[in-house]
Amino acid sequence: MKQRKSFGYYFLRNKNGMIGLIGVALIVILGVIAPFLVAYPEGYTADILLAPSLSHPLGTDKLGLDILAEVIWGARTSLYVSLTAVVISALIGIPAGLISGFVKGWLGEIIDACIDIFLTLPMLPLMIIMAAIMGTSINNVALVIGLFSWPQLARVTKNATLKISEMQYIEAATCLGLSKPRILFKHVLLNATGPVFVNLTLIMASAVLSEASLSFLGLGDPTTWSWGTILKRAWTSNAVISSPNPWWWWLIPSLCIVIFVVCFNMLGTAINDILNPKGRD
Amino acid sequence: MATIVEFKDYSMGFKDDDGVVFNLLDQVSFKVEEGRALGIVGESGCGKSMTSLSMMRLLPPSAVVQGGEILFQGRNLLQMSDAEMEKVRGKDISMIFQEPMTALNPVLTIGFQIGEALKIHEPSITKEEQQKRVVEVLAEVGISNPETRLNQYPHEFSGGMRQRVMIAMAVINHPILLIADEPTTALDVTIQAQILDIMKKLKGTGGLVVVTHNLGIVADICEEVVVMYAGRAVERGTLKAIFDHPLHPYTQGLMASIPTTKSEKKPLHTIPGTVPTVFDFKEGCRFADRCERCTEECRKKRPPLKKVGDDHLVQCFLPFEGEEIVHE
């Protein structure tokens, strides 16, 4: 008789998943132990715009601050913002999508209308207005991003729910006497994990990007470092177009964002593949 | 012998977009006794599935109940609250579905799914007890190695095995009434016979309703038969009465359509035409358009229900020997 292997067994054999996990783990570790690694970059020094060298592995910026230190402290913020934003949008988006897909009648209609309205609103200008009104702090940035990224998650969840609730095993579950909430949050949601998971990682990735754009536009928290803040400083000092070009200043934080996004996507896709019993073999 | 479920002049229909109700099931009456099996037969679209879904109170949203009663152990199912119905479903009445390939949740192990059916109706059960009961019921429906099979997912089972799992799920709470909606349609013939054997064994513990278009299955496991046509129970009675002396032209047509092993070189009998949809029913007998013995009267009036012999009822204008009109 074939024995069932554990989740870990399949995960260790999933190349993308491992690459993603290692990448995400590195960023998380970097963010968590940042204070023990390097001092918080603040003030200014005389080492202006130094190219990468042994004493400054990633170079310095126009204020003479070490880019490596900025990137490490920035990982913290980016991680915090994207995680918070994902949690907020998952808490709103998943139940909203499930209910609007499963419950027919006025409740479903209202949620549906809300999703449509939010989807048609231009996100960035609204984020800018919200951030301007609520003030610039990390929590507000995370909240704003979370509040504006749930509709796409809700839409994806709803589509999956619509399909799944027509399946016969949902009817069979009703016949067994299971209550509606249980069917919805156990049987339907578990079957919808595929698209939902992928969408969550996408939101996570776009949260980092949104945070960067908000910081870039000066609506992030000016007192903390994030990858977006570094980019903004580079941009306002014309680092991107000036010559000789301090490429390390703008390239490194951009690369960090790309790596973060890609790693999270890979991890999310791998988890989804492994959770799906058919995707393992 | 206690009556388990009884339909009393039950009528239901469908609402169209304008809210006009079109009648489908028209004053259907029958009952299922303890330890016996009732077969509901008819072509596709005759209202067989609606009859079984009515017992579970799981009709589609556009369906409207128009009258009558469905008594389950003396309680009218139609008047129960949703909360009461949730307790009845899966515990007292459970159902086996037609498609074993789609009726199991693909992302949960079968052990979990069967266990859930048990746990939901017996919340105080311990983990070990639950596991034990699931293994027992799997063994009962003929799944070898139940302990290992528990942790497998539906896609690791063959069609016949899945149907066994479905049956295990339906019977784990020892339901008083088991409804099987086309239980073997999706299976190949050898598996069919095994599944029918399992169902025959289960019959002893309560009532069984088999919904099917396969008369062979009815002959194999049922004691009583209801023949449905376009929402009306055109003929009902004991298996022997119906199979030996089919009276209604529709029943006779069905019987004649069964292929036999006798090699007479003539084309198999067919009933011309198709079942009208619920929106196209006419006055009078609903079978009139396809009936070889249709008269003027048939097209004008609803045929009377006649009692012919002890346990044999038929709804037709044709004269039968020893008939006695029950109601017009």
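Q: How many helices and how many strands are there in chain A?
A: This is a predicted model, in which local features need pLDDT of at least 70 and side-chain atom pairs count only at pLDDT 80 or more, while totals for chains, interfaces and linings use all residues. Residues are numbered from 1 along each chain as its sequence is written, and chains are lettered from A and ligands numbered from 1 in the order in which they are written. Helices (H or I, at least four residues) and strands (E, at least two) are DSSP runs, numbered from the N terminus. From that end, the elements of chain A run α-α-α-α-α-α-α-α-α-α-α, and the count for chain A is eleven helices and zero strands.

Q: What percentage of the residues of chain A count as buried?
A: A residue is buried if 20 or more other C-beta atoms, placed from the backbone, lie within 10 Å of its own, exposed if 12 or fewer do, and partly exposed in between. The C-alpha trace of chain A spans about 75 × 55 × 30 Å along its principal axes. Of the 281 residues in this chain, the buried part is 44%.

Q: Which residues of helix 8 of chain A are buried?
A: Helix 8 of chain A covers residues 168-175 and is mostly covered, with six of its eight residues buried. The cover comes from both chains, and includes helix 7 (138-164) and helix 9 (180-216) of chain A as well as helix 1 (48-56) and strand 6 of chain B. The buried residues of helix 8 are A:Tyr169, A:Ile170, A:Ala172, A:Ala173, A:Thr174 and A:Cys175.

Q: How many residues does the contact take from chain B, and how many from chain A?
A: Two residues are in contact if their C-beta atoms, placed from the backbone, lie within 7 Å. By this rule, the contact takes from chain B and from chain A, in that order, 28 residues and 20 residues.

Q: Which element of chain B gives the largest share of the side that touches chain A?
A: The elements that give two or more residues to this side are helix 2 (82-88), strand 6 (93-96) and helix 3 (110-121) of chain B. By kind, the residues of this side are 14 nonpolar (Ala, Val, Leu, Ile, Met, Phe, Trp, Tyr, Cys and Pro), five charged (Asp, Glu, Lys and Arg) and nine polar (the others, Gly among them). The largest share is three residues, and the element that gives them is helix 3 of chain B.

Q: Why does the radius of gyration of chain B agree with that of a compact globule?
A: The radius of gyration is taken over C-alpha atoms, and the globule rule is 2.2 Å times the number of residues to the power 0.38. With 328 residues, a compact globule would have a radius near 20 Å, which agrees with the value for chain B, 21 Å.

Q: Which helix of chain B gives the most to the side of domain 1 that touches domain 2?
A: Domain bounds come from an automatic or database domain assignment, and for chain B they give domain 1 (3-92 + 175-327) and domain 2 (103-173). The centres of these two domains of chain B, taken over C-alpha atoms, are separated by 31 Å, and eleven residues of domain 1 are in contact with twelve residues of domain 2. On the domain 1 side, five residues come from one element, residues 189-202 of chain B, and this is helix 7.

Q: Which strands of chain B stand at the edges of the sheet with the order 2-1-4-5?
A: Two strands pair if DSSP finds at least two bridges between them, and here four strands of chain B form an open sheet with antiparallel pairing. Each edge strand has a single partner strand, so one side of each is left without a neighbour in the sheet, and these strands are strand 2 (21-33) and strand 5 (75-76) of chain B.

Q: What is the bridge partner of B:Gly13 in strand 2 of chain B?
A: Strand 1 (residues 3-15) of chain B runs antiparallel to strand 2 of chain B and is joined to it by nine bridges. In one of these pairs B:Met12 has B:Leu25 as its partner in strand 2, and for B:Gly13 the partner is B:Asn23.

Q: What is the mean pLDDT of chain B?
A: pLDDT is the predictor's confidence in each residue, from 0 to 100. In chain B, 98% of the residues reach 70 or more, and the mean is 87.
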